[in-house]
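Let's take a walk through a protein together, one stop at a time. Have the sequence and the 3D view ready.

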Amino acid sequence: MWPDLLDKAKRGGINVIQTYIFWNAHEPEKGQFKFDPTNYDVVRFLKLIQDRGMYVTLRVGPFIQAEWNHGGLPYWLREVPNIIFRSNNDPFKKYMQEYVTSVIVKMKEEKLFASQGGPIILSQIENEYNHIQLAYDEEGDNYVQWAARMAVGLDTGVPWIMCKQRDAPDPVINACNGRHCGDTFSGPNKPYKPQIWTENWTAQYRVFGDPPSQRSAEDIAFSIVRFFSKNGSLVNYYMYHGGTNFGRTSSAFSTTRYYDEAPLDEYGLQRDPKWGHLRDGHRAINLCKKVLLFGTSSVTKLTEFNEVITFEKGDGCVAFLTNNHTKVDTTINFKGTDYFLPPRSISILGDCKNVIYNTQLIASQHNSRNFKRSKLANNHKWEMYVEEIPTTLQLKPDKNAPAELYSMLKDMTDYAWFTTSVELGPEDFPKKDGTSPVIRILSLGHSLCAYVNGEYIGSGHGSHEEKAFEFQKPVKFRIGTNHISILGSTVGLPDSGAYMEHRYAGPKSITILGLNTGTIDVTHNGWGHQVGLQGEKLEIFTEAGSKKVQWSPATGPAPGLRWYKTHFTTPEGRDPVAIRMTGMGKGMVFINGNNIGRYWMSYLSPLGKPTQADYHIPRSFLNPRDNLLVVLEEEPGSPDQVVINTVDRNTICSFITENHPPNVNSWEVKGQKLKPIDDTPPEAGATLICPDRNKITAVEFASFGDPSGVCGEYVLGKCNAPNSKQIIEQECLGKDSCFVPLSKFNNAVDCKGVIKTLAVQVNCGSPSAAMR
């Protein structure tokens, strides 16, 4: 998968790959450094980058954040006596230096630094430390100075950077993270340092409970062009491909899907227009690079919202025309020519005459993602195994009060049992009919399922913003001994903030309310404990482990804490695969023994829908034919509606207006002069390119006039050229790509007073489908 992703990045105009080295992946146990060739082969990855003529920014951390479990710090670090993370603290500095040194030594051994002929041109130490530096007073300042000295002393031969670190000590370069560093970055803290943007956020990471969030291709394009127009040197995207947090690798409450709205989506498919529009922006900047690098710039402020920035070197000239008004378009007269600019846009004039790119006017194609039910993979016959609910009969009290959850689990599992018992007599129960005692559990996080006498009472959870929560449910207690069992769970470790080593989770206070004899506090009643579930210990999510327990047919909805098992045939074709967890609550999914991550369907966003319903199954996890699917379900649910889909982006579109400039691919630089590639005047038009060498099999929508909508949902307006679809079919059907200039529609329709638009939607399929 990685070679394909790197190739797509290269085609997208990416030259530098930002690579993270997670401490907890490479030193999971103290003193045991691993550069695992199976799952974490960073050396091979960097060499794949170098093979493609690309470069690397190596983010060593060791604190990374990245919505990764514990921000990349290994759990064992929490248990080092007297440690204070990310401070001028001797225990932390000792282990940090050992780890960073091990990484740098490995990179040097493999000759991966640019000073050795390798691809690494920059290395980063620490991450956004300014956010928490004040919490440590002068020890925060001392830590920054120490970290810089330590890194520089490793003598890599390439510069070190610190992002969001205004006081980065020389010679470390301070860099910007954010959405609009062209306007928000105060700049390098020394005049001899370059302007570097380490994280241009292409979307917003999501946590369970969030509604959908996006960042438009136009806004990202505006931000990068703005940055380079103001003497920027390097922009790194965060993320260009986010991917999937498989297993238990996501941080507290972060979704398994990560930065799906990036230019390459979770499945590695090109998300257009974001991928294509940014590719075009990269090409436009690249066409102007010599003048930008060596020319002299000047700024002319025209109005509060409009300005012109020019770069000149000899006969070379590049102009950036900016309209910073978010609602009103404008026309700027530059060197005697009028240039139309939509709201919040920048036009690049590659020779101070011709517009080669506008950040708001997307000349590249759009696409829409399709989830298609697999024809082969959905003949499921579900079986279930019921996880035993332990009581104090099995888990004798070993502590006075419930233990702290993080320190119990040690990041080896999400789950731990807490058990106690309470004696109730007839006099304890309410005398009034229709009333029941209530169990109240105050938890520090993250979630729990409660059982009384083996019966499921309910579940509760906190949130990304507030991990602690209160759980209250009425309970049918019985006269005599009552067993209370609580399954406490985490949803990842914290990944940000000061004093991370002092975060806690799990049940804190347990009381029984509404009794005739008053409230009973059972917090210090004596509690038994167990780490992990029986199914985890037996590894029943594997073929071998599944044979260690007795499974029974699963029919319809069932109470919580069940393991569900079925087999399925490998889906047809080569498209990515996803499982849609409809009908389920919260848990984990295993494919052939591989944990593909946490799902959480019962935690709804404000829109009333799960934050994530589809979960990526890498084809590398699949067998040639038959596959084992095991689901751990914590809450009531039924697997009957679970569906395995294939995923594609074979619906492609174009939306071009008469105001659009020709695509930047129409231009090239020859002899230091900007020229049309084929010596004919470039034209604006619809460009359609099928993915994976497919062919255009159908024209699903075509209109030249005033159509509206988005890819997959275009609608006709009041004005439409009747031969629109016929023209597109003649130019495109059966081809893997086509270009239809707007001139094809000259005099096709008269839409008085309307800026005419060409909207096209086609479907791509296999060549055999195109022939049919």
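Before we start, one definition: helices and strands here are DSSP runs, numbered from the N terminus, with at least four residues for a helix and at least two for a strand. With that in hand, you can find Leu 561 in the loop between β26 (552–553) and β27 (562–569). Keep in mind that this is a predicted model.

Leu 561 has a positive phi of about 60°, although it is not a glycine. Most residues other than glycine have a negative phi. Is Leu 561 buried or exposed? Buried means under 20% relative accessible area, and Leu 561 counts as buried because its relative accessibility is 1%.

Now move to the loop between β7 (234–238) and α8, where Tyr 259 sits. Tyr 259 also has a positive phi, near 50°, and it counts as buried at 5% relative accessibility. Met 239 lies in the loop between β7 and α8, and the peptide bond leading to it from Tyr 238 is cis, with omega near -5°. Pro 273 is found there too, joined to Asp 272 by a cis peptide bond with omega about 20°. Most peptide bonds are trans.

Next comes helix α8, residues 274–287, which reaches 20 Å from its first C-alpha to its last. Twelve of its 14 residues are buried, so α8 is largely enclosed by the rest of the structure. Among them are Trp 275, Leu 278 and Ile 285.

Finally, look at the surface: Lys 335, Lys 353, Lys 673 and Lys 675 gather there in a patch of positive charge. Lys 353 lies in the loop between β13 (345–349) and β14 (355–358) and is exposed, with a relative accessible area of 60%.

Technical notes: Residues are numbered from 1 along each chain as its sequence is written. This is a predicted model: local features need pLDDT of at least 70, side-chain atom pairs count only at pLDDT 80 or more; totals for chains, interfaces and linings use all residues. Side-chain values use heavy atoms; hydrogens and water are left out. Patches are made of residues with over 30% relative accessible area and no salt bridge: like charges are joined within 9 Å, nonpolar side chains (Val, Leu, Ile, Met, Phe, Trp, Tyr) within 5 Å. Accessible areas come from the Shrake-Rupley method with a 1.4 Å probe; for residues, only the protein chains shown count as cover. A salt bridge is a side-chain nitrogen of Lys or Arg within 4 Å of a carboxyl oxygen of Asp or Glu. Lys and Arg count as positive and Asp and Glu as negative; His and the chain ends are not counted. The place of a charge is taken as NZ of Lys, CZ of Arg, CG of Asp or CD of Glu. Buried means under 20% relative accessible area, exposed over 50%, partly exposed in between (1.4 Å probe, protein chains only). The expected span of a helix is 1.5 Å times one less than its number of residues.
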